[in-house]
Amino acid sequence: MGLRIYFDTLSHESGPIQFKENSTLLATNTKLFLAPLIQKSDPIQLKEVSTLRANNTKLSLENANMKRDNKNLTDQLGNLTQAYTVSESNVKNLSAGVEELKTRNQELETKTNNLTQQIQDMTTNWNELNVSRAQWSIDSYCKQPDKTNCHPCQRGWFHTEPSCYVINDPPWRTWEEAREDCKGKNSDLAVAHNPAEKRKSQKKLTM
């Protein structure tokens, strides 16, 4: 209201001196009028400034946290990269180990097949040997020609419980040579197991 009245007064006065005075009065009144307005708006501005400062502090804190999180993630990425490199190296080593095991497995399979064949050959030979020994036993222990009347000792040997004996004719041999000769006849050097067997053997030797 004061401003409107003042402008009305200023507009009705046309003299230079009066205009200057009115201008001075206008400036004074404007200052007096605006001062309360600024004073009234200061609390709002202060509140806004305070809010802006609080937001700035919050954003600064969030920025610091983000920087810290970024550093942690960078460190974790470095650790994961190193772990991946180690894992990749381990995979290569394991792959090489698997190939080596495959090669060894193939070698073992070949050896197994060879051993299986050898066992089969030995089994065949053993069976043939058993048949041959059985036939030899029949020919040696049973009378000709029906081969039904068999004796505990082969032909040319004499029986004294519990063993069969044979006396070798000269030439004389060493103990080792005599034993080898006995082994060739599927036997061994005579050993008396008791006094009775010893007497019977000695009696046969003196006959």
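A salt bridge here is a side-chain nitrogen of Lys or Arg within 4 Å of a carboxyl oxygen of Asp or Glu. The legends below describe a predicted model.

**View 1. Arg-179 and Asp-188 are joined by a salt bridge.** Their side chains meet with an N to O distance of 3.1 Å. Arg-179 is partly exposed, at 29% relative accessible area. Asp-188 also falls in the partly exposed class, with 40% relative accessibility. Opposite charges on side chains can pair when the charged atoms come close.

**View 2. Lys-102 pairs with Glu-99 within helix 2.** The contact is a salt bridge, and the closest N and O atoms lie 4.0 Å apart. Helix 2 covers residues 16-141. Because Lys-102 and Glu-99 are three residues apart in this helix, about one helical turn separates them. Lys-102 is partly exposed, with a relative accessible area of 47%. Glu-99 is partly exposed too, at 47% relative accessibility.

**View 3. Asp-69 and Arg-68 form a salt bridge.** The N to O distance between their side chains is 3.8 Å. Asp-69 has a relative accessible area of 37%, which makes this residue partly exposed. Arg-68 is partly exposed as well, with a value of 48%. The three pairs shown in these views belong to a wider set: a search of the whole structure finds five salt bridges.

**View 4. The chain carries four helices and two strands.** From the N terminus on, the order is α-α-β-β-α-α. Of the 207 residues, 7% count as buried. Among contacts with a separation of 6 or more, 27% come from residues 24 or more positions apart. The chain exposes about 17700 Å². Carbon and sulfur atoms supply 59% of that area.

**View 5. Confidence varies between the elements of the chain.** Mean pLDDT for the protein chain is 75, and 67% of its residues reach 70 or more. Helix 3 (residues 175-184) has the highest mean of the elements, 84. Helix 1 (residues 2-12) has the lowest, 44. Over residues 1-14 the pLDDT is below 50, and this stretch has 15 contacts in the model beyond near neighbours in sequence. Residues 30-39 also have pLDDT below 50; beyond near neighbours in sequence, that stretch has two contacts in the model. Where pLDDT is low, predicted coordinates should not be read in detail.

Terms used
Residues numbered from 1 in each chain as written. Predicted model: local features only at pLDDT ≥ 70, side-chain atom pairs only at ≥ 80, totals over all residues. Heavy atoms only, no water. Buried < 20%, exposed > 50% of the residue type's maximum accessible area, 1.4 Å probe, protein only. pLDDT = per-residue confidence, 0-100. Contact = heavy atoms within 4.5 Å. Areas by Shrake-Rupley, 256 points an atom, 1.4 Å probe, with all protein chains shown as cover.
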